[in-house]
Amino acid sequence: MKKAILAAVKLDQKESEFNAAVEETRALCEACEIEVTAVFTQTSRSLDPNTGLRSGKLKELSAYIQETETDLIVFHNSVTIQIAERISSVCGVNVIDRTALILDIFAKRARSTQAKLQVEMARLQYDLPRVLHSTADESGHERGGSAYNRGAGEMRSRLVQRRYSERISQLKKELEKIRRQKYQDERRRTRTMMRRAALVGYTNAGKSSLMNAMIRLSNGQGTDVYEEDMLFATLDTSVRMIPYKSRKFLLYDTVGFVSDLPHTLIDAFQATLDAARDADLLIHVIDSSDSDYDRKAEITEDTLKQIGADDIELMRVYTKCDIYNGDIVMEQGIPVSSKTGEGMEAFMEKLLERLYPCEEVMTCLIPYEKMAMADAYRSVLIMKIIDHTEEGMICELCGPQRYIAAFRSMKI
């Protein structure tokens, strides 16, 4: 396991928020199999434009590295190529920032073809300016080399840029092909009339655990999704059909969010985030055992705005209530435990009410020759059989008006 020093500059932040963010970067290091041996922090109005850290703190950092076994420096703040290189030249070890760390984790976690392509595209977009800078530097372009060298460097830079641009363009086409296929799959699912709910939330809040608890509650139908107690345990969107008390709905598990999610990742994961944008209801999963839950909940809902999903109805669910004993304000939220099942039935009832609101109640006579039609609507309407007659079955229907409308001509 690599050993690293975590460096961070506190800018315009509250002390508690800064400490929580730094601890999150430490957790990201652990998820990337990097051991943080020390943390160096500094308070400043802005990052030093040359070295990120001020000169005194940089010297302190360099001296510490000379006395210890350190493989690299992880910078909590986003830093430019030039800043990373200058820190590296002073301290003698490689420097990466938080965005590079997240990209490394995503590369390790990607399983599906779509996730792998998305990660590759994000990595290329992140690496391109760094590679161009390195190419120019090697040629003497920034070191006052000859006119001949500068011309060669510029040619190499153009070749590198063209190669990267071509690969990014190719990846976009492949991802668009996958997206079109997924769109066709979604159209087939839409024809079932089943509503769609998507689990969203901060990474490691317990989305996959909640999904598995919902699967178990629906008589164990469907296979479990991968879950583990780590940041970004999975990057792929999972979908399951959940039947519960004569109703059915499609449930999507999406990639988790983090604070300051790099724009390259938001751009690259557009196809994956479609599950959130196209849902009828978003289930915001919040870890009630996390002392910083309110800040992370705010970050999640801000990210939903960034991806254009903030106009979708949202339902808050507070997980891990079995291990949290303190008082917590859960406005418009439901406490549950995926582990013990506490609160799960109440949550599922409320979820179905939100997905299939009882907007209208109607009594109708359904002819026996229309039974196939009635069966098709059983997953989205509550059908209570009142009587059987020679002409057909008298039923009381309850559910959304758009589904009740199909039976309007049979009303009695």
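Start by selecting strand β13 (residues 392-399) together with β12: the two run antiparallel and are joined by six bridges. Within this pair, show the side chains of His388 and Met393; His388 stands opposite Met393, which belongs to β13. The model on screen is a predicted one.

**The three-stranded sheet**

Add β11 to the selection. The three strands form an open sheet, ordered β11-β13-β12, with antiparallel pairing. The edges are taken by β11 (360-367) and β12 (382-388); each has a single partner strand, so one side of each is left without a neighbour in the sheet. On average, neighbouring strands here are turned by 25° against each other, ignoring direction.

**Phe407**

Next, select Phe407, in the segment that follows α13 (401-404). Is Phe407 buried or exposed? Its relative accessibility is 0%, so Phe407 counts as buried. Leaving aside residues up to four places away in sequence, Phe407 touches Met362, Cys364, Ile366, Met373, Ala374, Tyr377, Leu381, Met383 and Leu397. Draw the C-alpha to C-alpha distance from Phe407 to Cys364: 7.3 Å in space, for residues 43 apart in sequence.

**The largest core**

Phe407 also leads into the largest nonpolar core, which has 90 residues. Phe407 is among the residues with the most contacts inside this core, as are Leu210, Phe249, Ile283, Phe347 and Leu351. In soluble globular proteins, nonpolar side chains tend to be buried together.

Centre on Leu351. Beyond residues up to four places away in sequence, Leu351 touches Met214, Phe249, Leu281, Ile283 and Met315. Another core lies apart from the largest one; it has 18 residues, including Ala7, Leu53, Ile65 and Ile83.

**Two helices that cross**

Now show helix α7 (residues 207-217) and helix α11 (residues 344-355). Two packed helices are described by the angle between their axes and the distance between the axes. For α7 and α11, the axes come within 11 Å and cross at roughly 90°. This crossing angle makes α7 roughly perpendicular to α11. To see the contact, display Leu210, Ala213, Met214 and Leu217 on α7, and Met344, Glu345, Phe347, Met348 and Leu351 on α11. By class, the residues in the contact of α7 with α11 are eight nonpolar, no polar and one charged.

**The six-stranded sheet**

Move to the open sheet of six strands, whose order is β6-β7-β5-β8-β9-β10 and whose pairing is mixed. At its edges stand β6 (238-244) and β10 (333-335), each with a single partner strand, so one side of each is left without a neighbour in the sheet. From one strand to the next, the twist averages 25°.

Inside this sheet, select strand β8 (residues 281-287) and strand β9 (residues 314-319), which pair in the parallel sense over six bridges. His284 is a good marker here: Arg316 in β9 stands opposite His284. Then add helix α10 (residues 293-306), which packs on the sheet and touches β5 (195-201), β8 and β9. The direction of α10 makes about 155° with that of β8.

**The N-terminal strands**

Go to strand β1 (residues 2-10). Seven of its nine residues are buried, so β1 is largely enclosed by the rest of the structure. Strand β2 (residues 34-43) pairs with β1 in the parallel sense over nine bridges. Pick out Leu6 and Val39: Val39, in β2, is the bridge partner of Leu6.

**Two residues with positive phi**

Most residues other than glycine have a negative phi, and most peptide bonds are trans. Two loop residues are worth selecting against that background.

Which loop holds Glu33? Glu33 is in the loop between α1 (15-31) and β2. Glu33 is not a glycine, yet its phi is positive, at about 60°. With a relative accessible area of 51%, Glu33 is exposed.

Lys320 is in the loop between β9 and β10. Phi of Lys320 is also positive, near 60°, in a residue other than glycine. Lys320 counts as partly exposed, at 25% relative accessibility.

**The whole chain**

Finally, zoom out. The protein chain has 13 helices and 13 strands, and 50% of its 412 residues count as buried. Among contacts between residues at least 6 apart in sequence, 69% join residues at least 24 apart.

Key:
Residues numbered from 1 in each chain as written. Predicted model: local features only at pLDDT ≥ 70, side-chain atom pairs only at ≥ 80, totals over all residues. Heavy atoms only, no water. Pairing = 2+ DSSP bridges. Helix = DSSP H or I, 4+ residues; strand = E, 2+ residues; numbered from the N terminus. Axes fitted to C-alpha atoms, helices over the stretch in contact; angles between N-to-C directions. Contact = heavy atoms within 4.5 Å. Parallel < 35°, antiparallel > 145°, perpendicular 65-115°, else oblique. Nonpolar A, V, L, I, M, F, W, Y, C, P; charged D, E, K, R; others polar. Core = buried A, V, L, I, M, F, W, Y, C linked by side-chain atoms within 4.5 Å. Buried < 20%, exposed > 50% of the residue type's maximum accessible area, 1.4 Å probe, protein only.
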